[in-house]
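Some terms used for a structure rest on cut-offs. The turns below set values against those cut-offs.

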Amino acid sequence: MQGRNADDDWWRHAVVYQVYPRSFADADGDGVGDVAGIRSKLPHLAALGVDAIWISPWYPSPMKDAGYDVSDYRDIEPVFGTLAEADALIAEAHEAGIKVIIDIVPNHTSDQHVLFQRALAAGPGSPERDLFIFRDGRGAGGELPPNDWQSTFGGPAWTRVADGQWYLHLFTPEQPDVNWRSPAIRAEFETSLRFWFDRGIDGFRIDVAHGLEKDWALPDLNGLEFPLEDDAEHDHPHWDQPRVHDIFREWRTVADEYSPSRAFCGEIWVGRAHRLVAYLRPDELHTAFNFDFLTAPWLPGDLRAVIDRTIDSHASVGAPPTWVLGNHDVARPVSRYAREQQGLVKMARNLVHFEGRPADFELGLRRARAAALLMLALPGGAYVYQGEELGLPEAEHIPVEALQDPVWVQSNGTDKGRDGCRVPLPWTASGTSYGFSPAGGAAPWLPQPDDWAPLAADAQDGVEGSTLELYRAALGLRRELAAFGDGDFAWLDAPDGVLAFTRPGRAGEPGVRSWTNFGPDAVALPEGEVLLASGPLAGVMLPPDTTAWLRA
Ligand code: GLC
């Protein structure tokens, strides 16, 4: 392990790169990414300078929700490879100084999981059914769902089985929610955590961490919206239930048995900062994604407020902030930032909400690059979603026949869903599917846009000013200078429309200042050596939508 990555607190400052295995690299030529593909690209990740990778679910799965429907938590999906290959990947990543985090999906299993199949077979009232959330329906013949809860992807959250009972699924019908009040479920997941910790993984990203507990009275929502208002005194019946914290306290004791320390990162969409950081108390999760930052429009006032709120709330529990611009569920930052930002209350997760706002992709890329440097200079850890280092935009024109995300069907064709950010990566400007698959391989599982050749990794490699070289330089400086990562932060006085802050130096080293210009005109930078800039500077002038790092 190299440098700061070797210490027990690695998760307090790590840059974690998200690998979406279906779309990262395809070694066997079937048009779907695989573990061998990830292994083959470890040199790319090491050269990029990331501290860790987070691998989206790689377990056996019927793929009704791209692997977030898990049928066996202790094996590898055959399309992706084998357990032996996963072991090899973990060992090779560690040799390259890269930690490995994998995804655990505890809110629901696949309907093909053996426990759900047994529950179906065992019938109403059986102990097997108690591992999931089965209820009788309402109405004279039980023909109505037990309550009015809706699936996140659209439609009712209940499906009826042959014997007349209904089961709960907050996502697709093929993803039955499990019953976290069941000791057998708790034991089952603990066994899976240990299975992977024992194989050497360094942590878990926890899917839908805020969803595991439910209000067991199963009350109707009656139109109750989530996230709740900041000052709401009631709870939501199926998101962010207070008892969920007991589960993560149990998980933390498991992680703490291991050395070096294993870490958790929660996917927690709760909107409210004080509710988010409740999950980050010292005996619960280590970190959580900062979706408040991801959803903030590219406007200095909004971003400044989010940064303040994040730093203050995380400090209140002693947790490091994290920062994130994208993942496999949200439209890529280049395409979000390509649209007019004024008047956006929250940056939408997908592009449906930008309708009527024309896109300027050059502007979007300039802002995404500026946002990357801004984010990487903030205190704490950061997440980079595969392809961000190439400046990929959202693939907005996938033909509807090619769409795979269940959101498209479940929303009755009103929402194209998340496929646009899941398109296989372009590695080479020429060759089969831009080098995603080997020569002569099958067509990629999602079609790639035909204008991506200039964005391919090999087209940017060694090219001054390319987005790939920008990320490499930024991550290199982050590793080199102690001022970055977890630590102190202070705003600096700056002209209107500029966000400027300092990260004080440590151990006798000088600190770093970051300046981002959101205004329409170039502004003069203060004196000092420029370490890196997200775009060309005009002498001492910082152009619009550009970030510069300066030595303090
Ligand atoms: C999380 C995942 C998303 C998935 C959902 C259900 O939000 O990030 O991709 O569809 O959980 O598992």
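The questions concern the ligand site, a helix pair and some backbone features.

This is a predicted model, in which local features need pLDDT of at least 70, side-chain atom pairs count only at pLDDT 80 or more, and totals for chains, interfaces and linings use all residues. Residues are numbered from 1 along each chain as its sequence is written, and side-chain values use heavy atoms, with hydrogens and water left out.

Q: What makes a residue count as near the ligand, and which residues come nearest?
A: A residue is near if one of its heavy atoms lies within 4 Å of the molecule. There are 14 residues around the ligand, and Asp65, Asp207, Glu267, His328 and Asp329 come nearest.

Q: Why is the pair formed by Glu267 and the ligand called a polar contact?
A: A polar contact is a pair of N or O atoms within 3.5 Å. A polar side-chain atom of Glu267 lies 2.7 Å from an oxygen atom of the ligand, so the pair meets the cut-off. For Asp207, the distance from a side-chain N or O atom to a ligand oxygen atom is 2.8 Å; for His108, a polar side-chain atom lies 2.9 Å from a ligand oxygen atom.

Q: How much of the ligand does the protein bury?
A: The ligand taken alone exposes 310 Å², of which the protein buries 97%. Areas come from the Shrake-Rupley method with a 1.4 Å probe.

Q: What makes helix 6 and helix 7 a packed pair?
A: Contact means heavy atoms within 4.5 Å. Residues including Phe189, Leu193 and Phe197 in helix 6 meet residues of helix 7, among them Ile247, Trp251 and Val254. Helix 6 (residues 183–198) and helix 7 (residues 244–256) pack at an angle of about 30°, with axes 11 Å apart; the axes are lines fitted to C-alpha atoms over the stretch in contact, and angles run from 0 to 180 degrees between N-to-C directions.

Q: Which peptide bonds are cis, and where do their prolines lie?
A: The bond from Phe226 to Pro227 is cis, with omega near -5°, and Pro227 lies in the loop between strand 7 (203–206) and helix 7. Ser259 and Pro260 are also joined by a cis bond, with omega about -5°; Pro260 is in the loop between helix 7 and strand 8 (263–266). Most peptide bonds are trans.

Technical notes. A polar contact is a pair of N or O atoms within 3.5 Å; within protein, one must be able to donate a hydrogen and the other to accept it, and residues adjacent in sequence count only if both atoms are side-chain atoms. Helices (H or I, at least four residues) and strands (E, at least two) are DSSP runs, numbered from the N terminus.
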